[in-house]
Amino acid sequence: MAKDTTGKGEAAAPEAKGNGEAPTLNILAQYIKDLSFENPGAPKSLGPREKAPEININVNVNANPLSESEFDVVLTMNAQAKSGDAVVFNVELTYGGVFRVANFPQEHMLPLLFIECPRMLFPFARQIVADATRNGGFPPLLIDPIDFAQMFQQRMAEENTKAQVSNNVN
């Protein structure tokens with residue numbers, strides 16, 4: 001349990017190494033950059049089905065610096081439902097957030113931007129996808145929680161492998 005050091009009944013935040021100021025992470029803005037919903041077989045696709053369509057979901061995270069302390073983190077989600085070869089629906093969402101990051105050690109920046117920031121954006125993006133599919137005439141598509149730490153570790157492993165391959169070629 002944190003010790004009350006502020007005198008206001010609040011626990012003091014841990015201090016960052018170096019300048020003595022506490023690390024902070026703030027969401028300055030959240031936005032839909034792109035949203036697309038396609039229902040190519042409507043209205044026939046809205047009828048009863050013998051079996052549920054196969055749904056393929058892809059998620060990607062990118063981060064770009066806007067300034068020394070502000071970053072644009074973008075969560076891209078694509079979900080396509082197919083019945084046989086026919087596309088039942090396709091939803092694509094690019095959802096972003098502008099984050100202010102201060103007083104974090106440099107070695108924590110990539111995990112912060114690729115794990116913590118998308119974790120904060122995900123519930124909002126998930127709701128947008130659910131609303132789009134429901135408004136398209138289907139049951140809401142509720143995407144399961146995503147392990148962004150595992151995604152980050154997998155991405156770092158892939159990049160390390162690519163770097164090793166390119167070093168061996170050169």
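This is a short talk on the fold of one protein, taken from a predicted model.

Hi everyone, and thanks for coming. Let's begin with the parts list. The protein has two helices and four strands. Starting at the N terminus, the elements come in the order β-β-β-β-α-α. Of the 170 residues in the protein, 27% are buried. Now look at contacts with a separation of 6 or more: 66% of them join residues that are 24 or more positions apart.

Next, the sheet. In what order do the four strands sit in the sheet? The order is S1-S4-S3-S2, the sheet is open, and the pairing is antiparallel. The edge strands, each pairing on one side only, are S1, residues 24-38, and S2, residues 54-65. From one strand to the next, the twist averages 15 degrees.

Let's walk across that sheet, pair by pair. We start with S1 and S4, which pair in the antiparallel sense over 13 bridges. One spot to find on your screen is Asp34, which stands opposite Thr94 in S4. Move on to S3 and S4, and you have another antiparallel pairing, with 14 bridges. These two strands form a hairpin with two residues between them. In that turn sits Gly84, with a positive phi of about 70 degrees.

Then come S2 and S3, where S3 covers residues 70-83; this antiparallel pairing has twelve bridges. S2 and S3 also form a hairpin, here with four residues between them. Glu54 stands opposite Lys82 in S3. Here is a nice trail to follow by eye: Asn58 has Asn78 in S3 as its bridge partner, and Asn78 in turn has Glu92 in S4 as a bridge partner. While you trace a strand, keep a general rule in mind: in a regular strand, side chains alternate between the two faces of the sheet.

How many of the 17 residues of S4 are buried? Twelve are, so to speak, tucked away, and S4 is mostly covered. And what lies across the sheet strands? Helix H1, residues 109-135, lies across S1, S2, S3 and S4. H1 runs at about 140 degrees to S4, which spans residues 86-102.

Let me zoom in on one residue of that helix, Thr133. Is Thr133 buried or exposed? Thr133 counts as buried because its relative accessible area is 0%. Leaving aside neighbours within four places in sequence, Thr133 is in contact with Phe37, Phe89, Val91, Phe138, Pro139, Pro140 and Leu141. With Leu141 there is a further detail to look for: the side chain of Thr133 reaches the backbone nitrogen of Leu141 at 2.8 Å.

Now for some empty space. Rolling a probe the size of a water molecule over the atoms shows where space is left. The largest pocket here holds about 170 Å³. Its lining includes Val59, Asn60 and Val61, along with Phe114, Phe148 and Met151. Also among the lining residues are Phe152, Gln154, Arg155 and Glu158. Which element gives the most to this lining? That is H2, with six residues. H2 covers residues 148-169, and both H2 and S2 supply at least two residues of the lining.

Before I stop, a look at two backbone details in the loops. As background, most residues other than glycine have a negative phi, and most peptide bonds are trans. With that in mind, go to Pro43, in the loop between S1 and S2. The peptide bond from Ala42 to Pro43 is cis, with omega near 0 degrees. Then go to Asn103, in the loop between S4 and H1. Asn103 is not a glycine, yet its phi is positive, at about 65 degrees. Asn103 counts as partly exposed because its relative accessibility is 22%, and the cut-off for buried is under 20%.

So, to recap what to look for on your own screen: the open sheet in the order S1-S4-S3-S2, helix H1 lying across the strands S1, S2, S3 and S4, and the largest pocket, with H2 giving the most to its lining. Happy to take questions!

Conventions:
Residues are numbered from 1 along each chain as its sequence is written. This is a predicted model: local features need pLDDT of at least 70, side-chain atom pairs count only at pLDDT 80 or more; totals for chains, interfaces and linings use all residues. Side-chain values use heavy atoms; hydrogens and water are left out. Two strands pair if DSSP finds at least two bridges between them. Axes are lines fitted to C-alpha atoms, for helices over the stretch in contact, and angles run from 0 to 180 degrees between N-to-C directions. Contact means heavy atoms within 4.5 Å. Buried means under 20% relative accessible area, exposed over 50%, partly exposed in between (1.4 Å probe, protein chains only). A polar contact is a pair of N or O atoms within 3.5 Å; within protein, one must be able to donate a hydrogen and the other to accept it, and residues adjacent in sequence count only if both atoms are side-chain atoms. On a 1 Å grid over the protein atoms alone, a cavity is a set of points where a 1.4 Å probe fits but cannot get out, and a pocket is an open set with protein on both sides within 12 Å along at least five of seven lines; lining residues have an atom within 4 Å of a point. Grid points are joined across faces, edges and corners, and a volume is the space filled by probe spheres set on the points.
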